[in-house]
Amino acid sequence: MAWFKRSQANIQSENPKKEMPDGMWTKCGGCGEIIHRKQLEQELWTCSKCQYHFRIGSKEYFSFLLDAGSFKEMDKKMRSMDPLQFTDSKPYSRRIDETIKKTGLMDAVRTGRGTIDQRPVVIACMDFAFIGGSMGSVVGEKISRAIDAARKHKHPLIIISSSGGARMMEGALSLMQLAKTSAKLAELAESHVPFISVMTDPTTGGVTASFAMLGDIHIAEPQALIGFAGPRVIRQTIGKDLPKGFQRSEFLQEKGFVDIIVHRREMREQISRVLQHLHS
Amino acid sequence: MAKVILDFERPIFELEQKIVEMRKYSDNLDIAHEIKSLEQRVDQLRRSVYNNLTRWQRVQLARHPDRPYTLDYIGMLLTDFVELHGDRHQGDDKAIVGGFGTLGHQTVLMLGHQKGRDTKSNIYRNFGMMNPEGYRKALRLMQLAAKFNRPVITLLDTPGAFPGLEAEERGQAEAIARNLFVMSRLPVPIIVVIIGEGASGGALGIGIGDRILMFENSWYSVIAPESCSSILWRSWDYKEQAAEALRLTAPDLIEQGIVDRIVPEPLGGAHRLPDVAGATLKSILIEELTKLKKIPVPKLLQKRVEKFAAMGAWKE
Ligand SMILES: [Zn+2]
């Protein structure tokens with residue numbers, strides 16, 4: 001059972017406490033190396049020793065993917081309405097308020113326009129820190145508007161995903177966001193504007209079963225967990241341990257669902273290159 | 001008579017049994033009078049139970065093993081049905097059935113999730129849980145319908161997409177996403193009917209259409225109440241609360257702007273009088289199709305995207 005323990009440790013998505021801590025020193029989730037904050041930032045939040053990719057948010061992605069100062073955020077103030085008045089251990093409305101306060105984010109995605117090597121793009125990036133990057137009405141609407149903007153301006157669309165799936169607290173309305181974003185992407189496809197889907201750790205559930213898997217080009221960060229059902233559910237279903245590397249980027253590429261696995265350090269350059277081929 | 005009796009059906013069932021017993025001795029006039037009063041009582045009881053169902057009770061009715069399934073509706077609604085098999089790539093997913101048949105005077109493609117009624121048939125049907133090849137089979141049939149300009153009717157009844165190892169390997173997420181993408185722009189009318197359980201992406205994977213109908217005692221949500229309970233309450237015991245919180249019944253979904261129309265069921269549920277449920281669905285489908293076929297295709301597709309684009313609740 002030795003490998004089972006090891007694979008357990010590898011399943012980062014089952015451990016939600018992986019966001020960047022505030023201290024000056026951080027322990028690498030891959031090799032245990034203690035890394036200084038400055039160095040980590042320089043390495044785009046990856047470990048130079050084992051290439052482990054730390055989980056980061058929209059702020060960080062925008063900072064190294066887009067030309068400096070080019071980002072113009074869209075729909076900045078959009079927020080959830082708690083349409084079902086949902087309550088589990090606490091009311092959803094309170095959960096939203098507290099998460100906004102804690103993260104400084106309005107919901108689990110930020111969208112906007114910017115440039116990459118002077119090429120205009122529409123970009124969306126999910127934040128796992130906001131209720132597990134779950135997709136409810138706000139995520140669906142903001143992504144849909146980003147798709148509309150890409151179509152209107154004929155600017156390529158880039159969506160960076162990181163999500164545990166659809167947001168339970170908005171019930172069927174969350175489920176309908178899969179339909180909504182996919183329908184919008186079908187419209188975009190008809191106008192021949194490229195859409196690059198970037199999958200980071202983790203991209204699972206409803207997000208994978210909609211826009212994340214509908215890219216013209218699928219890029220994944222190394223070792224990211226990507227799938228429909230979560231590993232725990234699959235393990236329960238089959239009653240067996242999962243093979244090593246199951247549902248990781250490399251596995252998905254092997255099975256034919258990911259075009260390129262790109263180290264964060266080369267992400268900007270690779271996206272730029274793809275756009276040059278598809279949209280110049 | 002139903003073979004499986006749910007808890008809240010029990011008092012009704014017992015009264016009905018008593019009436020049956022008494023009828024055996026109904027030569028006596030005194031008993032005839034008693035029978036009549038018992039019949040009134042059971043009728044009252046039915047009304048009070050079935051007009052005040054909790055959300056969890058509706059979930060139970062939606063899962064009732066005697067409830068009509070896709071093949072039952074196909075048998076009741078269509079003539080000259082030709083079932084088609086396979087995705088022409090991986091295999092034939094038995095959790096979904098589909099084919100062409102005549103509804104009234106027109107050929108339609110009807111497809112839907114298929115559950116089994118006993119252990120053996122449930123294993124054969126994988127409990128109505130599709131694999132990627134099932135979604136790709138559905139996609140192939142829908143594209144065939146579009147090629148020959150035949151309307152599509154999909155029936156939703158699944159506890160979810162199959163969460164298995166091979167399903168992931170073969171791209172469960174991609175298969176569902178692809179269907180959402182293609183169905184959004186499929187150039188023929190599509191009517192979606194939730195006939196039983198509409199669990200999450202597994203149901204939605206054949207659930208994009210111009211009209212979304214829902215049987216009175218079916219449910220549709222982002223997650224099953226039990227799973228929601230286990231995640232948010234960290235225990236399986238809060239399924240009733242989860243069902244309430246998720247607001248997953250037909251009237252709830254009308255209110256949320258997701259479902260267009262409720263298909264009424266006979267008192268006590270579709271399993272009590274399947275023929276009645278079938279006849280109701282048939283007349284509603286013919287009525288809806290007649291309306292949809294009058295809309296020019298570009299307009300139909302535009303309205304279809306707008307329909308889903310309007311779903312959600314946000315403020316800014
Ligand atoms: Zn490391």
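Which helix of chain A is A:K59 found in? The close-ups below start there and then move through the predicted model.

**View 1. A:K59 sits in helix 3 of chain A.** This lysine has 13 C-beta neighbours inside 10 Å, so it counts as partly exposed; to be called buried, a residue needs 20 or more. For a sense of scale, pick out A:I226 as well: the two are 167 residues apart in sequence, and their C-alpha atoms are 22 Å apart in space.

**View 2. Helix 9 of chain A, residues 264-278, and what covers it.** At 1.5 Å a residue, these 15 residues should span 21 Å, and the end C-alpha atoms are indeed 21 Å apart, so expectation and model agree. Look for four buried residues here: A:R264, A:I271, A:V274 and A:L275. Their cover includes helix 3 (58-65), the helix that holds A:K59. Several strands of chain A join in too, among them strand 5 (109-116), strand 6 (119-126) and strand 7 (157-163). Strand 8 (195-204) and strand 9 (217-220) are also part of that cover.

**View 3. Strand 6 of chain A and its two partners, strands 5 and 7.** Six of the eight residues of strand 6 are buried, so this strand is largely enclosed by the rest of the structure. With strand 5 of chain A, strand 6 pairs in the antiparallel sense over eight bridges, and A:I116 stands opposite A:R119. The hairpin these two strands make has two residues between the strands, and A:D117 takes a positive phi near 50° there. With strand 7 of chain A, strand 6 pairs in the parallel sense, this time over four bridges. To find that pairing, look for A:A124 opposite A:I159.

**View 4. The largest nonpolar core, with 159 residues.** Which residues touch the most other members of this core? They are A:L157, B:V193 and B:M214, drawn from both chains. Helix 6 of chain A (residues 171-190) gives the most to the core, with ten residues. Zoom in on B:M214 and, leaving aside neighbours within four places in sequence, you'll find B:I194, B:Y220, B:A250 and B:L253 among its contacts. B:V259, B:I262 and B:V263 are in contact with B:M214 as well.

**View 5. Where chain B meets chain A.** Here 44 residues of chain B are in contact with 50 residues of chain A. On the chain B side, the elements that give two or more residues include helix 7 (165-169), helix 8 (172-184), helix 10 (225-232), helix 11 (239-246) and helix 14 (297-309). Two strands are on that list too: strand 7 (219-221) and strand 9 (314-315). Helix 8 of chain B supplies the largest share of this side, eight residues. For the complex, the predictor gives an ipTM of 0.96 and a pTM of 0.94.

**View 6. Chain B, with its 14 helices and nine strands.** A compact globule of 316 residues would have a radius of gyration near 20 Å, and chain B has 21 Å, which agrees. Its C-alpha atoms fill a box of roughly 65 × 50 × 45 Å along the principal axes. Of the 316 residues, 49% count as buried. Among contacts between residues at least 6 apart in sequence, 71% join residues at least 24 apart. As for confidence, the mean pLDDT of chain B is 95, and 99% of its residues reach 70 or more.

Terms used. Residues are numbered from 1 along each chain as its sequence is written. Chains are lettered from A and ligands numbered from 1 in the order in which they are written. This is a predicted model: local features need pLDDT of at least 70, side-chain atom pairs count only at pLDDT 80 or more; totals for chains, interfaces and linings use all residues. The radius of gyration is taken over C-alpha atoms; the globule rule is 2.2 Å times the number of residues to the power 0.38. A residue is buried if 20 or more other C-beta atoms lie within 10 Å of its own, exposed if 12 or fewer, and partly exposed in between; C-beta atoms are placed from the backbone. Two residues are in contact if their C-beta atoms, placed from the backbone, lie within 7 Å. The expected span of a helix is 1.5 Å times one less than its number of residues. A nonpolar core is a set of buried Ala, Val, Leu, Ile, Met, Phe, Trp, Tyr and Cys residues joined through C-beta atoms within 7 Å. pLDDT is the predictor's confidence in each residue, from 0 to 100. Two strands pair if DSSP finds at least two bridges between them.
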